[in-house]
Amino acid sequence: MSRTIRRTASGRGSALGLGLLGAALALTATARAGDFDESGRYLPASGAIAFEDFAAPTTFVPEDLDPACVGQVHYVVQATADALSGAEVIVLDGARDCPASFALEVPAGDRSYQATVWLRHGVLNGEIVVDYPEDSGLQDISVRMAPTGRATSDGWVELSTNSLSVEGDLDPDVYLRASDASDDGRLEVDALELVEEGSFSLQSTCDGLSDPICGSEAVCIYGMCREGRYAVPPLPEGELREQMVESIRARLEMFFGGRKTRLEDLPRALEELDRTLDATTPWQFWNGFGTAIRRLHDWHTSASSSVLAVPLRGRLNACFIEGDADLSHGLFPRDTRYADILVSHVGPDAAGLSSGDRLVAVDGQHPIAWARQLVEIDWGYRVATDADSFADFAEALGGPPWAGGSLILKYASSITVVRCPGGDCEPVETIAVADLAPTQGGADVACDNRPSYHFEEGGPDPATHYVFEDIFRGRIAGTSQDEAVFGMVWDTLYGGGDPNGQVNGALREAVDEWKAGARGVILDHRAGNGGTIDAPEYLTQLVRDQRDIAVLPSGIATAGSSAPATAEEGIELYSSYPTSARFRVGASGHDPELPVAVILHRDGSASDYFPFGMKGASPNVRLFAPHSTAGAFSTFIQFNYWGGLRFQFASGETITDEGEPLIGQGVLPDEIVEQKQSDLVQGKDSLHEAALAWVRENLKPAGDPR
Amino acid sequence: MSSRSLVNAGLVAVSLSSLSFGVIACGDEEQVAPASGGGAPSSASVGPTSSAASTSTSSGAGGEGAGTPIRTILQRDPFGNVAETQNLLWDGDFEWESAFADQYGWFQGQSANLTLRHLGPDCRSGLKCAVLGPDIIGLAVSSADRGLYVSAWIRPSDGSCEGFRLFLLSEGIYSDGIDFPIPAAAAAPDDAGWCHFEATAPQRDDKSYLFISSTVDGEALVDDAVVREATDGEEQRVEPRGAWVPSADVIERVDAARQTIRRWRGPHEGAPHPGRDAMQRASRGDGRVLYEASPRTMARGAR
């Protein structure tokens, strides 16, 4: 069920069919922003719809402005003889969190515009916002700005939007939201201009990605068609586009990946990239580029844009987790490839779901299969490098968008669930995503693959699951003082090279305390966000003697080189590296008698190296997880462009002391343990239960502190 | 959707002196157009123009009647020098640089990102360039088969090309690449104020880094750095540099660069970031989330 929204100024709406939408799209205007007179002074285009020379700008205070910013003014109007237009410019003072907003008047009627603005002495984060009255039924839009390449000898640089559609009859507020990304208080802005350009398109509701109403130039996100061009730079034209594509292709061929990803994934990405040569619109080009990056299939590799920076619709305040739906296979069989998807934990507005309920399908597909096909459209797409690890997808199905979740709310039309209150499963039920409206307020729950926490006291708040950069330690609940079983819950390994920093300091202190007083330890790292290599090195000092077990090059050394094809070549390469490049685990003062259980689920990068350094350290170390880690054994480099367009990709390979390349080979657990549906409905955490049982069977002898 | 609150801003007059940014020049390979309709020379390159601030001061705020245009119009490639498609530097033109990156294709000082940067057409190509204060280190790859042609441009503030030290460093396994110096092509900058440094280094198997250092006071812009496979002709011009003896100061700085390179081996994501943290705080807690946080907020550390 889709419709095109068209509201009258009074707010009364009517629905238009596709035919009329097509007619609306056919109305095209082309104009160009202003130009310079013979003295070098900028003049607006003769047909300019609006022009602001900042002699006395009209500012605008958006309703969603951070309350802390209300009443603050972070710019001055400044008289200057070399203003681009008129005699004044505005100078932003570098307050990044409180953007300045400047209004533009637009006439009545459905029109398409292009906005331009000029800046110098800094970097402007600029976007044009179209803010419709609340009773219009339309959603606000935000259109990012990027350089056109036009500049002046005295330092002015032009930014422009792609074309943007405005329903002027609804009297929207249109304004430039400007913040200084250069942070030094010197950024000057002048000559904000709006001209007619492009084809007008009506806002449309939509019902998930499978709804064709959005066409090829928009994406259905949160039930509305979002114009892709609003979020990307202009289309590079002609030879420039060819050079862009060739340059990016060369970057990927020269720098990307390790053995597995270069052999299996890079060719697919290059095929995708080559298709962008034929792009005819900004969205075709840039989404093709983003898809190419996503097809590299690497945990360190991603592309992002502001296309997801849109108003949220609905709420599904629930977290999902891979597991074994042992209570409900009679109602819905297990997939042959993917694990079952269960509800881990919930907050208010969770569609009535509870821990242990089962998500059997999204838009009729297994939830993981559904999430994987978002590779062509989702600019928040995250995937493990290991081809058999899908934890990133499961985690992202629910949870809040600000933590990378809400895939269902963003893109789905319906979900199919099996509720199992008290262990009694009910018939399969399908819920329309459009019906998932917020009703109760309350905090969003974060998804960390932990149904519950198990400290005697303290620990993360079970109502929110906000672990983030914190590190929680304490005695494990349900154990005796004499058993002395301690645990740690944490997600970050960002040591940052500082042995006494917040993370390394806490880890080193924990290691010392456990060696002195613990008889068993449970390390719960089920949402391992990575960090730096020093933090896992410190943790391994608890359990093993010092040893080098791998080398971590700083990315690929020679253009396009792959990791060694044989173990012999790998050992030779490993041996060639200086000790400074090695992953050095353990310490002479480790405790070989202390049983240490490591619980894993979705772990990548430094959080791959951590279990790699722990595994096999001694018989007293055991890894518990449902599957392998992400296998992101590399470094990466980031690229950031204007308007929120970013990408990063992995480079290099980790080689073990046995000559094995590790990229894409996540660390396999010693014990494969899945969350049981029958446990979850009883409030039990299957992985923790397994880990605790093993630790108890292997307690270090009492009175033997290290 | 907002309630309207329109405010006419007051005018604040400010002295021109704080606005002068000095003489502006442009690179010689990008299109330059005169101000439209003005009959300015359609030269393919433009030398230093008169100071915009001083010109406009003399001609008044409107500039009407001035004989010389107060500015020239340029057309820059907003993606930088992408014509150099086979550049072995990750981002030789700095166009993909951002203060928000955890790790970027250039280090500066001990940082895994640039700490000083510049935006404007006074960069030699594209719109972004680096600013030399602390030394910078460009991450590159080597060629398995050929020597490496290296080229970089620096715009000094003192009109001399002699205060800069550039090397193609080698760091990794084989120690087969000497720290190859990249000399200035001339003692003085070109008409646009830029010094060109270039050389061809012998083939090496180790990973390459372009080290750029200044020994003089004052900021200098760095732009349009290229490391690429040398052509046959360039390889024939490789000069032995092994006998070259750097000063103690340069040795010390190169050693510091190596320490930075080693420090940032491996991944390093999730560094604390005040801006990102502020957005997370604003998005959590009671009430509904109105907007997707910026992609930066979705770094692994936020998951």
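Reader: Hi! What does A:G616 do with its phi just after α12(A)?
Author: In this predicted model, A:G616 takes a positive phi of about 70°. A:G616 comes just after α12(A).

Reader: And α12 of chain A itself, how many of its residues are buried?
Author: Helix α12 of chain A spans residues 606-614, and 9 of its 9 residues are buried. Among them are A:Y609, A:F610 and A:F612, along with A:D608.

Reader: Cool, what covers those buried residues of α12(A)?
Author: The cover includes several strands of chain A: β30 (520-528), β31 (547-551), β32 (582-585), β33 (596-603) and β34 (621-625). Helix α10 (534-540) of chain A is also included.

Reader: Back to phi angles. Which value does A:H297 have, given that it's a residue other than glycine?
Author: Phi of A:H297 is near 55°, a positive value. You'll find A:H297 in the loop between α5 (282-294) and β22 (302-304) of chain A.

Reader: Why does A:H297 count as buried?
Author: A:H297 counts as buried because it has 22 C-beta neighbours inside 10 Å, and the cut-off for buried is 20 or more.

Reader: Nice. What about A:H465, where does that one sit?
Author: A:H465 is in the loop between β27 (429-432) and β28 (471-475) of chain A. A:H465 is not a glycine, and its phi is positive, about 60°. A:H465 is buried too, because 26 other C-beta atoms lie within 10 Å.

Reader: Switching topic: which domains does chain A have?
Author: The domain assignment of chain A gives domain 1 (4-204) and domain 2, which is made of 448-546 + 588-631 + 666-706. The C-alpha centres of domain 1 and domain 2 of chain A lie 51 Å apart.

Reader: Now chain B, how many helices and strands?
Author: Chain B has 4 helices and 13 strands. Of its 303 residues, 51% are buried. If you take the contacts in chain B with a separation of 6 or more, 73% join residues 24 or more positions apart.

Reader: What's the mean pLDDT of chain B?
Author: The mean pLDDT of chain B is 72, and 64% of its residues reach 70 or more. Over residues 1-66 of chain B, though, the pLDDT is below 50, and this stretch has 140 contacts in the model beyond near neighbours in sequence. Residues 275-303 of chain B are also below 50, with 70 contacts beyond near neighbours in sequence.

Reader: Last one! What ipTM does the predictor give the complex?
Author: The ipTM of the complex is 0.91, and the predictor gives a pTM of 0.89.

Note on methods: Residues numbered from 1 in each chain as written. Chains lettered and ligands numbered in written order. Predicted model: local features only at pLDDT ≥ 70, side-chain atom pairs only at ≥ 80, totals over all residues. Helix = DSSP H or I, 4+ residues; strand = E, 2+ residues; numbered from the N terminus. Buried ≥ 20, exposed ≤ 12 C-beta atoms within 10 Å, placed from the backbone. Contact = placed C-beta atoms within 7 Å. Domains from an automatic or database assignment. pLDDT = per-residue confidence, 0-100.
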